[in-house]
Amino acid sequence: MLKQQICILGATGSIGVSTLDVIARHPERYQVFALTAHTQIEKLAQQCAAFHPAYAVVATAELAQELEKHLLQASPKTTVLYGPQALCEVASADECDVVMAAIVGAAGLPASLAAARAGKRILLANKEALVMSGQLFIDAVQRSGANLLPIDSEHNAIFQCLPAGFQRNLADSGISKIILTASGGPFLNRDVASLHDVTPEQAIAHPNWVMGRKISVDSASMMNKGLEVIEAHWLFGAAPDKIEVLIHPQSLVHSMVSYEDGSLLAQLGNPDMRTPIAYGLAYPERIASGVEALDLSKFLQLNFHQPDFQRFPCLRLAYEALRAGASAPVVLNAVNEVAVDAFLNSALGFMQIEAVIAYALEKIPMQATNTLESILEIDAEARQVAQRYISQLRH
């Protein structure tokens, strides 16, 4: 068996680390072609020493020089590159078979799109790529014959519950709706009035999942689920009113598909990202992921209920942006990134995140998103608007 050559965009993040864990369990199947990181040089150097990729990519020339020193002895055959263009180059290289797209936020879009245009198998853990570029990304996948597999636990669960040969048309497959489950995060049962006072440390303390700081805040605000609603629209061709969100605090049912005949198919498992990663790497086969099988006898009950938009206004804004279409999801994502960063740096209150997003969506005119350049321009404009408004709120 020829080994699959894997490029991991965002290797030092939680998804990247979990991907390497799965790959290490199957050395006969997979070989690491490229690892990328933004600034975590020492961690990336350790990964290169363990997996000896052909390429390693970092953010700047200075960081590249530093990494090269680390790799002189540890992985001397690894070529070190830097900058956004280098990310696109390794993601679209002829030698690469599979791209794990796990760079957080808008920064991951160009390289993910390059992989799509090059016809790669894309394991999409960067939901922002589809949120921002929607039709552009799907068109690139369809033109090149790329294989797009969702890695977010919810979308991966839906993918597993869909009929074979599903072609992004719910009605043709007898599907009435898709249901995304959400844990509700750390503030599910906290008094809404007290949410103005939460700290970054409280917001990132997710009860079930181990994630990065930004995505943990998004989970607390349920913007993460809002972005997943938009991603589901593009992945599965589902209209907004065919995508339902249910709060499920136990995080065991990862999502569900409801069929016209009354059947409800669900995918269950322990909350560990190695399960969807292994599924994406080996699809359509199943391989060991390192995750223990779920023992349902240990759980007394599974709870589900509708989300409260007063508690989670960011989820409402995401639905509104999806219905508005055009540039609204780009603005939503960009402003959320700026607002979350400000919150994590104690420059904005938790409940002000929604206020900044709502302001920008109202302020910035709707625009077409036909090219990567136009999307990135809208993204940049939205960030500037958000930063100015946050400055006003602080004074």
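Helices are taken here as DSSP runs of at least four residues and are numbered from the N terminus. In this predicted model, glutamate 228 is found in helix α10, a helix that spans residues 223-236. With a relative accessible area of 1%, glutamate 228 falls under the 20% limit and is therefore classed as buried. Once residues up to four places away in sequence are set aside, glutamate 228 touches Lys127, Asp152, Glu154, His155 and Leu180.

Two of these partners, Asp152 and Glu154, share an annotation with glutamate 228, since the unreviewed UniProt entry records a "binding site" that covers Asp152, Glu154 and Glu228. These three residues are spread over 77 residues of sequence, yet they cluster in space, the largest C-alpha distance among them being 8.4 Å.

Aspartate 152 is placed in the loop between β7 and α7, that is, between the strand at 147-150 and the helix at 153-161. Its relative accessible area of 8% also lies under 20%, so aspartate 152 is counted as buried. The side chain of aspartate 152 is joined to that of lysine 127 by a polar contact of 3.3 Å. When neighbours within four places in sequence are left aside, the residues in contact with aspartate 152 are Leu124, Ala125, Lys127, Glu228, Glu231 and Met273. Lys127 thus appears among the contacts of aspartate 152 and is likewise touched by glutamate 228.

Elements from this part of the chain also contribute to the second largest pocket, which holds about 590 Å³ of space. Of the 22 residues that line this pocket, Leu148, Phe159, Phe166, Gln167 and Arg168 are the closest to its centre. At least two lining residues are supplied by each of α6 (127-144), β7, α7 and α10, and the largest share, four residues, comes from β7. In terms of residue class, the lining of the second largest pocket divides into 16 nonpolar residues, five polar residues and one charged residue.

Further along the chain, alanine 171 is located in the loop between α7 and β8, the latter covering residues 175-182. The relative accessible area of alanine 171 is 63%, which is over the 50% limit, and alanine 171 is therefore described as exposed. Between the C-alpha atoms of alanine 171 and alanine 326, which are 155 residues apart along the chain, the separation is 24 Å.

Towards the start of the chain, the unreviewed UniProt entry places the feature "domain: 1-deoxy-D-xylulose 5-phosphate reductoisomerase N-terminal" at residues 6-134. In the model, this span is 48% helix and 21% strand, and its end C-alpha atoms lie 24 Å apart. Glutamine 5 is found in strand β1, which comprises residues 4-9. Because its relative accessible area of 18% is under 20%, glutamine 5 is classed as buried. Apart from neighbours within four places in sequence, glutamine 5 is in contact with Gln31, Phe33, Glu95, Cys96, Asp97 and Val98.

Technical notes
Residues numbered from 1 in each chain as written. Predicted model: local features only at pLDDT ≥ 70, side-chain atom pairs only at ≥ 80, totals over all residues. Heavy atoms only, no water. 1 Å grid on protein atoms, 1.4 Å probe; cavity = no way out; pocket = protein on both sides within 12 Å on 5 of 7 lines; lining within 4 Å. Points joined across faces, edges and corners; volume = space filled by probe spheres on them. Nonpolar A, V, L, I, M, F, W, Y, C, P; charged D, E, K, R; others polar. Buried < 20%, exposed > 50% of the residue type's maximum accessible area, 1.4 Å probe, protein only. Polar contact = N/O pair within 3.5 Å; in protein donor to acceptor, adjacent residues only side chain to side chain. Contact = heavy atoms within 4.5 Å. UniProt positions renumbered as here; feature names shortened; annotations may be inferred.
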